[in-house]
Amino acid sequence: MAAARKSMHGEWSSRWIFILAATGSAVGLGNIWRFPYVTGENGGGAFVLVYLACVAFVGIPILAAEILLGRRGRQSPINTMRVLADDEGLSSRWAYVGWMGVVAGFLILSFYSVVAGWSLAYIFYVAGGVFNDATIADSQGEFHQLTGSVARLTLWHAAFMAMTMFVVARGVSGGLEKAVKLLMPALFSILLVIVGYSLTTGDAAAGLRYLFEPDFSKINGATILAALGQAFFSLSLGMGSIMVYGSYLPKDVSIAQTSIIVGCADTVVALLAGIAIFPIVFGYGLEPGQGPGLVFITLTIAFGHMPGGQFFGALFFILLTVAAWTSAISILEPVVAWLVESARWSRLKASLIGGVSAWLLGIGSLLSFNYWEDFTPGGRNFFDWAEFISTTILLPLGGMLVAIFAGWRLSLASSMDEFGTGPSVGYRTWLGLILFVAPLGVAIVFAEGTGLRRAVGSFLAAVSTALFS
Ligand code: PHE
């Protein structure tokens with residue numbers, strides 16, 4: 001019976017630990033590095049508004065669906081999808097959703113570790129006083145010096161990947177729980193300090209206007225697709241991270257409540273990061289749409305000028321690194337869990353081989369900032385392609401399939417049993433969102449954002465034939 005399954009990898013010791021771990025997975029570079037710069041590239045307020053709608057109507061329901069499926073299957077995403085499909089008498093091809101997640105996970109981990117490596121390097125730069133009284137030119141120069149040096153980038157990328165493999169190799173309670181308990185609250189507090197500084201010394205009015213005053217002329221299919229991709233990335237959805245964490249969740253915990261808590265915490269951190277960054281951007285006359293260097297260039301100027309900036313700055317990058325760490329762990333975990341289950345490898349071997357493969361792939365992203373900078377087939381360099389394919393294409397697609405599976409293929413009896421509230425208002429709201437809003441929302445945004453209306457149409461037709469035949 002499904003309800004009696006146990007995970008061979010262990011279980012979280014409490015509901016709070018799960019919330020912390022899932023928040024640890026969600027909160028990371030996506031909130032503090034990616035959200036501000038993607039907002040900057042997409043014109044500000046209107047993007048933020050669309051982002052919030054994506055989180056509320058598509059993200060949180062799929063978050064709940066992933067926890068639900070994971071807890072019911074109690075295995076790595078590939079095997080969970082397979083056993084659940086089997087339980088319901090469906091095709092074992094649903095396991096492909098898990099496979100897609102593995103591909104997305106490798107791509108994400110590869111560039112994620114490169115950027116996390118920057119954050120690791122910055123701890124030492126800031127602590128060493130490199131940015132004291134820095135001008136914009138100094139701050140930009142320092143960033144380009146780092147990203148221009150293949151040797152340094154490779155080293156930091158390797159250091160970060162080693163940290164990630166280390167924790168994943170130690171397993172659920174030994175490694176993961178300890179890391180998140182203390183560090184998440186600390187990150188939140190330091191972010192508040194920086195927000196306070198930024199609002200009082202930067203151009204608060206311009207920053208807040210940029211973030212919260214929507215200019216709808218800046219919205220088009222591509223912006224909405226970017227917002228959707230960002231929502232999936234930031235909430236760790238569409239590739240099995242939350243599903244695998246859900247597989248370690250005790251049975252009596254409320255899925256609805258935990259999903260809402262995790263979704264809100266993640267969103268608050270992203271907004272705080274925006275409020276920390278944009279007043280400084282406008283105060284110093286910087287360009288909001290400058291891309292991946294945004295956070296590293298703006299915040300270091302602030303640290304270079306605020307009292308105690310060397311200390312607060314180093315602390316900030318320590319916490320950012322840790323936030324990235326708890327996310328990277330959750331990106332590696334689904335693959336490792338699968339290798340342990342299916343190939344019978346030890347956790348150590350699985351973590352090493354998984355991590356080193358992603359590290360090698362990451363070299364491509366790392367070279368995109370120097371030697372391969374001008375190698376841009378189709379208008380994107382290697383880094384941009386890895387990010388685009390994983391975040392903007394694979395995650396929304398994976399999430400949509402999860403929604404279709406949880407809503408349309410899993411029996412209502414199963415999903416209600418796992419939800420645990422009977423046919424409550426909460427359950428019915430979730431079901432409505434997961435049946436209609438999430439899959440259709442993703443499909444429409446996809447069709448508009450990629451210009452592939454016909455392809456998306458035929459894909460949907462194929463899915464519905466598969467579903468209803
Ligand atoms: N959510 C993480 C972040 O915002 C990144 C991530 C993506 C983690 C996908 C797991 C899966 O940094």
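Biologist: Which of the 15 residues around the ligand come nearest?

Modeller: Happy to start there, with the reminder that this is a predicted model. The shell around the ligand holds 15 residues, and by class they are six nonpolar, nine polar and no charged. Helices α1, α2, α10 and α14 each supply at least two residues of that shell. Those that come nearest are A26, G30, Y112, F233 and S236.

Biologist: How many Å separate an oxygen atom of the ligand from an N or O atom in the side chain of Y112?

Modeller: Let's go through the polar contacts around the ligand. A nitrogen atom of the ligand is 3.0 Å from an N or O atom in the side chain of S236, while a polar backbone atom of G30 lies 2.8 Å from a ligand oxygen. For the side chain of Y112, the distance from one of its N or O atoms to an oxygen of the ligand is 2.5 Å.

Biologist: What share of the ligand's accessible area does the protein cover?

Modeller: On its own, the ligand has 330 Å² of accessible area. The space it takes is the largest cavity. The part of that area covered by the protein is 100%.

Biologist: Good to know! Which element gives the largest share of the lining of the largest cavity?

Modeller: That cavity has about 130 Å³ of space. It is lined by 18 residues, and S25, I108, F233, S236 and I331 are the closest to its centre. Two or more lining residues come from each of α1 (15–26), α2 (29–41), α5 (95–127), α10 (221–234) and α14 (309–342). The largest share is three residues, and the element that gives it is α14.

Biologist: How many charged residues are in the lining of the largest cavity?

Modeller: Sorting that lining by class gives 10 nonpolar and eight polar residues. The shell around the ligand likewise has no charged residues. For the lining of the largest cavity, the charged count is also none.

Biologist: And which elements give two or more residues to the lining of the second largest cavity?

Modeller: The model has three cavities of 30 Å³ or more, and the second largest has about 50 Å³ of space. Its lining includes E66, P77, M81, V97, G98, M243 and V402, and by class the whole lining has six nonpolar, four polar and one charged. The elements that each give two or more residues to this lining are α4 (77–87), α5 and α16 (382–409).

Technical notes
Residues are numbered from 1 along each chain as its sequence is written. This is a predicted model: local features need pLDDT of at least 70, side-chain atom pairs count only at pLDDT 80 or more; totals for chains, interfaces and linings use all residues. Side-chain values use heavy atoms; hydrogens and water are left out. On a 1 Å grid over the protein atoms alone, a cavity is a set of points where a 1.4 Å probe fits but cannot get out, and a pocket is an open set with protein on both sides within 12 Å along at least five of seven lines; lining residues have an atom within 4 Å of a point. Grid points are joined across faces, edges and corners, and a volume is the space filled by probe spheres set on the points. Helices (H or I, at least four residues) and strands (E, at least two) are DSSP runs, numbered from the N terminus. Ala, Val, Leu, Ile, Met, Phe, Trp, Tyr, Cys and Pro count as nonpolar, Asp, Glu, Lys and Arg as charged, and the others, Gly among them, as polar. A residue is near a molecule or strand if one of its heavy atoms lies within 4 Å of it. A polar contact is a pair of N or O atoms within 3.5 Å; within protein, one must be able to donate a hydrogen and the other to accept it, and residues adjacent in sequence count only if both atoms are side-chain atoms. Accessible areas come from the Shrake-Rupley method with a 1.4 Å probe; for residues, only the protein chains shown count as cover. A molecule sits in a cavity or pocket if more than half of its atoms lie within 2 Å of its grid points.
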